[in-house]
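Trainee: I am new to this structure and would love a close look at a single part. Could you walk me through its aromatic rings?

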Amino acid sequence: MRLDVWASELEEVLLRIGHRFGRVDLRRRMRDYVRGLLGPVGRKNGWQLAEYVGHDVPAGLQHLLNRARWDPDEVRDDLQEYVAERLGEPDGVLIIDETGFLKKGTTSAGVQRQYSGTAGRTENCQVAVFAAYASTRGRTLVDRQLYLPKSWMSDRDRCRAAGVPDGLAFATKTELARHLVSRALASPLPIAWVTADALYGQDWYFRRMLEEAGLGYVVAVPKSQQVKSLAGCWRIDQLISDAPEDSWERLSCGDGAKGPRVYDWAAAMLPAVPFFEGDEPSHRRWVLARRSIACPDEIAYYLAYAVTGTTVNQLVTVAGSRWAIECCFQSAKNECGLDQYEVRRYPGWYRHITLAMLAHAFLAAMAAANIPERGVEETDLSLSRSAWPRSASSWQLAALEQVTASAHSTP
């Protein structure tokens, strides 16, 4: 893309959020900060960003993050509108996941020794829950919530020193995820699906919220997840273990860095409950499993909810889209300084993260402008057909269907 087109698009983005900054000097500092985040700066801390944009000292940029009067949530709203325009598609996927930010000391808002998926172990860090938006046009981060552990929320003096609002109450990560989904639904983002890892997928309230909103979902769950029906309750791994071998299909869930990501997949449509869902339900629930080809003992489990008539290929595509948020974390940290902040207070964290997300969304829009729109073509590498009763290319839990039917026919 030509440099003048790139500069014109960036100017449009900065003008879009400029009215959120009431003073001219703040608008200039905001522009400098975003340009610095997008620039070839080795370590995007205060001093190096200031040097890159021509400031003698970082005081002006620090003031923008720590003391200036502007609302990062309003900028977040503008960001979501921009992403809807540049990347939005009717079958867009909202992806929920968390990431950690390694920190030293004890004063940064929310910091403590806790598990960080980024480090793969327990570290002194901050953890935040994010939402990303993905479509065939691109992917980017669109919302964020800093997780504040109970040790913080029970110490009001510590919270006040870190700028945490007095009215804020403790919220679990799954509660934060529900807030992210609610805001996304209220935004212009066109969303048809939600996907998340097992931390969120195992939460009944999270899944129920999505169903009530009419959203399809494919969410990971632990192998101990209970699958319930009128006929009883089963562990999901037990249900999948009963599937005949020819119910597994070899499918790609999308392209990765090394080409198609191919696994063996099994999907079962759960029986509808006519008493609650009517004779012709608009949506159906599923169980789904992904088995490694190289290591067949490695099986991941999912629960799904989708419009009647949805195919297994579609469910597999949504399940595979969850990797997009990991790509967003990596690129936003490497290219936009998402994790390279020096702020310690709660407001400063939201301000830096929001502007870094804006920079990342701009890069995603530029990439979309250069890449022709194309659908993700899934490759079915298996011609096997299961002997089990199938519907929409899936097998059904026939035993459950029969028992459920019997329960309804009993006087």
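Mentor: Gladly; here is a look at the aromatic rings, starting with the chain around them.

This is a predicted model, where local features need pLDDT of at least 70, side-chain atom pairs count only at pLDDT 80 or more, and totals for chains, interfaces and linings use all residues. Residues are numbered from 1 along each chain as its sequence is written, and side-chain values use heavy atoms, leaving out hydrogens and water.

The chain has 16 helices and 14 strands (DSSP runs, H or I of at least four residues for helices and E of at least two for strands, numbered from the N terminus). Of its 411 residues, 52% are buried, meaning under 20% relative accessible area with a 1.4 Å probe, protein chains only.

Now to the rings. The whole structure holds 14 aromatic pairs (rings of Phe, Tyr and Trp, the last by its six-membered ring, with centres within 6.5 Å; planes under 30 degrees apart are stacked, over 60 edge-to-face, the rest tilted). Phe101 and Phe130 make a tilted pair, with 6.3 Å between centres and 50° between planes. Because Phe101 belongs to strand S1 (residues 93-102) and Phe130 to strand S3 (residues 121-135), the pair ties together parts 29 residues apart in sequence. Both Phe101 and Phe130 are buried.

Ring pairs also link these two into a cluster with Phe329, Tyr341, Tyr346, Trp349 and Tyr350. Over the ring of Tyr341 sits the charged end of Lys103, 3.7 Å from the ring centre (a charge counts if NZ of Lys or CZ of Arg is within 6 Å of the centre and within 35 degrees of the ring normal). Lys173 lies over the face of Tyr147, 5.1 Å from the ring centre.

Note on methods: Buried < 20%, exposed > 50% of the residue type's maximum accessible area, 1.4 Å probe, protein only.
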